[in-house]
Each structure stands twice: as C-alpha cells, then as structure tokens.
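Colleague: I'm new to this one, so please put it up on the screen and walk me through it.

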Amino acid sequence: MDLDPQVKALLDEMNAVEGPPPWERPIADVRADFDTMVRSRAAPGPAVARVADREAPGPHGPVPVRVYWPDSAGGAPLPVLVYIHGSGFVLLGHDNYDHVCRALCQGAGCIVVSVDYRKAPENKFPKAADDAWAATRWLAENCTGLGGDPARIAVGGDSSGGGLAAVVTQKAKAEGEPPLVFQLLVYPLTDMRDDTDSYRAFADGYSLSADMMRWFMGCYLNGDEDKADPVASPLRAEDMSGLPPALVITASHDPLLDDGRAYAEKLRAAGVPAEHLNYEGFIHGFWSATARIDAAGQAHARACDALRGAFGAV
C-alpha cells in the first residue's frame with residue numbers, strides 16, 4: 001500500500017531532519033520540540049460555546065481537566081466524552097489537542113472533558129492510568145452540574161491515551177460504574193510488546209519508530225514485569241465481555257497497527273460491537289495533523305458520527 005501523498009510529503013520533511021534521538025537529549029528540550037511540532041501541524045478547531053479549566057481530585061494530587069461545551073449547550077442535558085490525549089506517557093498536553101477536542105465537541109454535539117494526566121519519567125506506571133480513571137470518576141460525579149447526562153458518557157483517546165481509555169472502560173466494568181456507553185480508540189497502545197508484525201514492518205521512517213516506542217515504555221514502566229498488567233496492556237485482560245461498543249481507528253503504516261487491530265478483534269470475540277476502521281496509506285499522528293492531512297478531518301467526522309449514534313442509542 002502506497003503512502004497518501006500528503007503523508008509522504010510530511011514524512012519527507014521529517015526524515016530530512018537530522019539530530020540525536022530523544023533519549024540522548026534533556027527531557028525538557030524533547031517536550032518543547034514535540035509541542036512546537038504538533039502545534040505546527042494543527043489547524044484551529046471550530047468555535048465552541050465555552051471552555052473552562054478545572055481540576056479533578058486524584059490519588060496523586062489534582063488532575064487538570066479542560067471542559068468544552070458545544071454551541072448547542074443550554075437546553076437538555078448533553079452527552080459527554082472524556083478524551084485522553086496521546087503522549088507516549090511523556091509528552092504534550094491540553095493545548096496540543098485543543099483543536100481535536102473542539103472538533104469532537106462541536107461535531108458530536110457533546111461536552112468534552114480533556115484529561116491532562118501526569119507524565120513519565122517523573123511519574124511512573126500506573127500514575128497516568130490512575131489520573132485517567134480519577135478524571136472519569138470526577139466527571140461522572142459532577143456530570144449534572146456541568147450540564148451533562150450521566151447516562152450518556154463515552155471515553156476516548158489516541159495512542160497512549162487510547163490505551164488509557166481502554167483501561168478506563170475495563171475499570172468501569174470492574175467497579176460497576178460509571179455506565180460508559182462507547183469507547184473511541186484511535187491507534188491505541190494496547191500491549192506493551194514490541195515484536196508484532198507492524199512493529200517490524202514500520203520500525204523506522206514512519207514518524208513513530210519502534211525505538212521511540214521502546215523509549216516511551218521505558219520512561220513509563222517500572223520494569224518488564226509491568227508489561228503483563230492489563231492496566232499497562234489492556235489487550236491482556238482476560239474477559240472483555242460487557243465492555244461498551246467501540247470504534248477503533250488505525251493507520252496502515254504504524255507500529256501500533258496490530259495493537260488496534262488485535263483489540264478490536266478481541267472485543268468482537270467477547271461479543272462487544274467493535275468497528276475497526278483502518279486508514280490505508282496513513283501514519284501514526286495523522287489524527288491530530290489537521291493542517292497537513294485532509295483525512296484527519298474526515299476521521300474526526302467519522303468519530304463524531306459514531307459518537308452521535310452511541311449517544312442517541314441510550
């Protein structure tokens with residue numbers, strides 16, 4: 001499968017830049033560079049009715065959350081999406097995903113709660129997962145006060161955030177609450193292994209490299225023993241029955257392609273409705289690159305359709 005022309009142009013630019021790998025540089029410099037890079041590829045998101053920063057209490061301290069209300073706010077209680085952004089557990093924050101959250105908020109007609117969980121290596125496993133769960137519980141408990149409908153809560157995320165979203169759905173099932181209605185997983189990291197076919201096929205030259213993924217995992221995990229924990233590797237959960245329906249979006253030229261594909265297959269095998277939508281010719285990161293890749297907006301629209309369907313089915 002050939003790369004999409006817009007993707008190829010972006011990759012050519014990226015691969016022409018030489019420099020030391022992230023693990024040989026100060027973490028503050030790496031974060032600053034990724035912040036600049038992601039911002040440069042993001043077109044402004046649509047206008048929404050209101051945005052407010054809040055904090056959710058968590059076991060490791062307050063968790064910053066950013067709440068977006070759509071233009072349709074002000075009438076009946078609205079559905080809510082908890083969105084957990086990608087980061088490799090190490091990078092980025094609210095501002096880098098503002099355009100994505102606005103697109104999902106306005107496109108799906110829902111409140112979006114963006115979660116800015118703690119980052120590694122300063123905060124090791126399972127702190128990111130703890131923060132994601134704490135923010136989801138806070139949202140469920142405060143949903144009515146935010147103008148939301150506690151019976152229509154979905155969770156979603158991309159990359160490491162997609163993996164954390166999967167963890168949240170499994171935790172909600174185990175705890176019996178909140179009653180999540182949908183999960184949106186965009187090229188999710190679902191297994192802390194690095195020997196799949198897609199890792200080997202797209203190890204280098206496709207934006208996210210296999211070595212970078214290994215660095216992310218090393219920053220986040222305390223040791224190899226954490227890899228088998230479903231809180232780190234939600235694909236390894238024994239029983240996925242009873243989880244909310246899912247849309248799993250993947251990219252064909254991505255080390256994490258097999259992670260998303262395997263998770264969708266395991267959901268379906270457990271009787272969970274799960275659609276797998278693979279974007280042929282695309283790479284990890286396309287979802288947020290709205291200024292450079294037209295298919296990003298198309299993927300957002302598809303996700304919004306799925307969210308509206310899930311919210312309307314309740």
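Modeller: Before we start on the pockets, a word on classes: Ala, Val, Leu, Ile, Met, Phe, Trp, Tyr, Cys and Pro count as nonpolar, Asp, Glu, Lys and Arg count as charged, and the others, Gly among them, count as polar. Please also keep in mind that what you see is a predicted model.

Colleague: Okay, with those classes, what is the lining of the second largest pocket like?

Modeller: That lining has six nonpolar, one polar and two charged residues. The residues in question are Ala129, Asp130, Trp133, Val167, Gln170, Lys171, Ala174, Pro230 and Val231, and the space in this second largest pocket is about 190 Å³.

Colleague: Which helix gives the most to that lining?

Modeller: Helix H5 does, with four residues, although H4 and H5 each supply at least two residues of the lining.

Colleague: How do H4 and H5 sit relative to each other, then, in terms of where their axes come and how they cross?

Modeller: The axes of H4, residues 127–142, and H5, residues 160–175, come within 9 Å and cross at roughly 60°. H4 and H5 are therefore oblique to each other, and their crossing is right-handed.

Colleague: And which residues in H4 meet which in H5?

Modeller: On the H4 side there are Ala128, Ala129, Ala132, Trp133 and Thr136, and they meet Leu164, Val167, Val168, Lys171, Ala172 and Glu175 on the H5 side. Sorted by class, the residues of this contact divide into eight nonpolar, one polar and two charged.

Colleague: Switching to the largest pocket, how much space lies in it?

Modeller: About 1100 Å³ of space lies in the largest pocket. It is lined by 42 residues, of which Met14, Phe34, Met37, Ser207 and Met212 are the closest to its centre.

Colleague: Which helices supply at least two residues each there?

Modeller: Helix H1 at 5–15, helix H2 at 27–40 and helix H7 at 210–220 each do so, and the largest share, six residues, comes from H2. By class, the lining of this largest pocket has 22 nonpolar, 14 polar and six charged residues.

Colleague: What about closed spaces, how many cavities of 30 Å³ or more are there?

Modeller: The count comes to one cavity of 30 Å³ or more, and the volume of the largest cavity is about 40 Å³. The residues that line it are Phe89, Ser160, Gly163, Leu164, Val167, Leu189, Met192, Tyr220, Val231 and Ala232.

Colleague: Where does the largest share of that lining come from?

Modeller: H5 provides that largest share, with four residues. As for classes, the cavity lining has eight nonpolar and two polar residues, and no charged residues.

Colleague: New topic, the backbone: which residues are joined by a cis peptide bond, and what is omega?

Modeller: One such bond joins phenylalanine 125 and proline 126, with omega about 5°, and proline 126 is found in the loop between strand S4, residues 111–115, and H4. A cis peptide bond also joins glutamate 177 and proline 178, with omega about -10°, and proline 178 has its place in the loop between H5 and strand S6, residues 180–186.

Colleague: And is phi of serine 159 positive or negative?

Modeller: Serine 159 has a phi near 60°, which is a positive value in a residue other than glycine. For background, most residues other than glycine have a negative phi, and most peptide bonds are trans. Serine 159 is found in the loop between strand S5, residues 148–158, and H5.

Colleague: Last one: how do the axes of helix H3 and helix H9 cross?

Modeller: The axes of H3, residues 98–108, and H9, residues 294–312, come within 9 Å and cross at roughly 45°, which makes H3 oblique to H9. The crossing of H3 and H9 is right-handed. H3 makes the contact through Val100, Ala103, Leu104, Gln106, Gly107 and Ala108, and H9 through His300, Ala303, Cys304, Leu307 and Arg308. By class, this contact of H3 with H9 has seven nonpolar, three polar and one charged residues.

Notes: Residues are numbered from 1 along each chain as its sequence is written. This is a predicted model: local features need pLDDT of at least 70, side-chain atom pairs count only at pLDDT 80 or more; totals for chains, interfaces and linings use all residues. Side-chain values use heavy atoms; hydrogens and water are left out. Axes are lines fitted to C-alpha atoms, for helices over the stretch in contact, and angles run from 0 to 180 degrees between N-to-C directions. Angles under 35 degrees count as roughly parallel, over 145 as roughly antiparallel, 65 to 115 as roughly perpendicular and the rest as oblique. A crossing is left-handed if the near helix is turned anticlockwise from the far one by less than a right angle, and right-handed if clockwise. Contact means heavy atoms within 4.5 Å. On a 1 Å grid over the protein atoms alone, a cavity is a set of points where a 1.4 Å probe fits but cannot get out, and a pocket is an open set with protein on both sides within 12 Å along at least five of seven lines; lining residues have an atom within 4 Å of a point. Grid points are joined across faces, edges and corners, and a volume is the space filled by probe spheres set on the points.
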